[in-house]
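Welcome, and please take a moment to look over the protein shown below. The report after it is meant as a friendly first tour.

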Amino acid sequence: MGDVKQRKEEKMKEKEHFIPALSKVSDLTHYMLCPRLVYFSARGYEQPKRAKGKERSVIEHILLKELGFNMHKVWGSEDEGGTGENRGEEDLKRVIEDIVDGVEWIYKEELKDVEKDFLKAVKTDFVCSIETPEWLSKIKKETPLAELERYYGYEREHIMVSETLNMSGSVDKLIRTEEEIIPCLIKTGRCPEYGVWKSDRMQLAAYALLIEEEFETTVQRGFVEYIRNAEVREVHIKKRDRALALQLLKHVKRIKGGVFPEKEENAPCDGCFFLELCETKKTLLSKLFGK
Ligand code: SF4
């Protein structure tokens with residue numbers, strides 16, 4: 001009896017999630033990774049932020065992200081005693097260690113279950129691994145982004161909602177100059193040899209659409225900071241990236257409306273949190289439709 005009630009409640013929960021909600025820019029990037037990730041998260045199944053056994057990589061991701069948000073401290077200004085390029089290695093290391101030092105206060109929720117000693121050890125390893133002479137000399141290099149941030153600053157995690165597009169998103173950095181509004185992404189993964197990854201181009205284009213709606217402007221360019229490799233790449237936002245973002249938005253809407261998508265050939269199933277659910281769903285569909 002209890003099982004029947006529980007199943008009914010689960011069905012109700014699933015139905016609630018079948019109501020198409022506002023899509024997020026992150027849904028579009030998840031779609032590019034695997035459309036089924038969108039399906040499961042639309043039904044309320046969230047991947048845990050503190051993935052078991054992956055604490056070290058989660059902490060490293062947080063540390064890199066926070067470094068990205070504090071690059072203005074690394075790049076410095078004349079008022080603060082010189083720009084990044086003129087800074088000595090020791091001075092730079094001190095700035096980076098200061099940034100790393102305070103992460104547990106900013107990421108309280110994500111790090112609340114991590115043991116203090118473990119966090120300290122990961123932080124120490126992280127600082128040692130990243131502060132190589134090569135990384136330090138690359139990170140302090142003057143770039144168009146460093147110049148823009150020095151003069152205009154940026155807004156962190158600016159949230160945008162568009163009912164016209166039926167989409168929302170929170171862009172890592174938003175720079176506003178007299179002439180333009182520029183979105184920037186901080187990426188903690190590896191950097192491509194040239195340009196930026198296709199999904200990063202699409203993500204910038206999706207933010208451009210939201211910015212254009214909110215600020216009644218046209219977005220021409222954006223930046224991607226591949227912080228692990230100390231690389232900053234400028235991106236001209238092309239029509240084809242805008243078209244791709246709009247196309248993905250339609251696919252995501254259909255999935256949120258209840259369509260169970262096909263599995264991508266290169267879906268990252270190894271270690272995927274939804275692997276079991278995905279298999280169960282596939283077996284169920286095979287039984288129903290003989291697929
Ligand atoms: S198990 Fe594979 S197909 Fe299923 S959601 Fe995860 S990545 Fe996608």
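What follows goes from the whole chain to the ligand and then to a few single residues.

## Ground rules

This is a predicted model, where local features need pLDDT of at least 70, side-chain atom pairs count only at pLDDT 80 or more, and totals for chains, interfaces and linings use all residues. Residues are numbered from 1 along each chain as its sequence is written, and side-chain values use heavy atoms, with hydrogens and water left out.

## The whole chain

Let us begin with the overall picture. The protein chain contains 14 helices and eight strands; these are DSSP runs numbered from the N terminus, with helices being H or I of at least four residues and strands being E of at least two. Of the 291 residues in the protein chain, 43% are buried. Here buried means under 20% relative accessible area, exposed means over 50%, and partly exposed lies in between, using a 1.4 Å probe and protein chains only.

The surface that the protein chain exposes comes to about 17,200 Å², and carbon and sulfur atoms supply 51% of it. These accessible areas come from the Shrake-Rupley method with a 1.4 Å probe, and for residues only the protein chains shown count as cover.

How much of the contacts with a separation of 6 or more comes from residues 24 or more positions apart? In the protein chain, such residues account for 73% of those contacts, where a contact means heavy atoms within 4.5 Å.

## Around the ligand

Which residues surround the ligand? They are Cys34, Arg36, Leu37, Lys263, Pro268, Cys269, Cys272, Leu275 and Cys278, each counted as near if one of its heavy atoms lies within 4 Å. Helices α3 (35–42) and α14 (275–289) are the elements that give two or more residues to this shell.

By class, the shell around the ligand holds seven nonpolar residues, two charged ones and no polar ones. In this scheme Ala, Val, Leu, Ile, Met, Phe, Trp, Tyr, Cys and Pro count as nonpolar, Asp, Glu, Lys and Arg as charged, and the others, Gly among them, as polar.

## Helix α2 and its buried side

Helix α2 covers residues 25–33, and its buried residues are Val25, Asp27, Leu28, Thr29 and Tyr31. Among the elements that cover them are β1 (23–24), α3, β5 (167–176), α12 (198–215) and α13.

Leu28 is a good residue to zoom in on. It belongs to helix α2, and Leu28 counts as buried because its relative accessibility is 0%. Apart from neighbours within four places in sequence, Leu28 is in contact with Met167, Met202, Ala206, Ala245, Leu248, Leu249 and Val252. Leu28 and Met202 are 174 residues apart in sequence, yet 8.4 Å separates them in space, C-alpha to C-alpha.

## More residues to visit

The table gathers some residues with their places and relative accessibility.

| Residue | Place | Relative accessibility |
|---|---|---|
| Ala243 | helix α13 (residues 239–256) | 44%, partly exposed |
| Thr143 | loop between α10 (133–139) and α11 (144–152) | 17%, buried |
| Lys123 | helix α9 (residues 116–130) | 10%, buried |
| Glu157 | strand β4 (residues 155–162) | 39%, partly exposed |
| Ala230 | loop between β7 (221–226) and β8 (231–236) | 11%, buried |

Which residues does Lys123 touch, not counting residues up to four places away in sequence? Its partners are Leu63, Val100, Asp101, Val103 and Glu104. With residues up to four places away again set aside, Thr143 touches Trp75 and Val232.

Two residues from the table have a backbone feature to look at. Glu157 has a phi near 45°, a positive value in a residue other than glycine. Ala230 is not a glycine either, and its phi is positive at about 50°.

Finally, look at Ala205 and two residues paired with it. The C-alpha atoms of Ala243 and Ala205 are 8.7 Å apart, with their positions 38 residues apart in sequence counted as the separation. His236, in strand β8, is 31 residues from Ala205 along the chain, and their C-alpha atoms are separated by 9.4 Å. Leaving aside neighbours within four places in sequence, His236 is in contact with Gln220 and Asp241.
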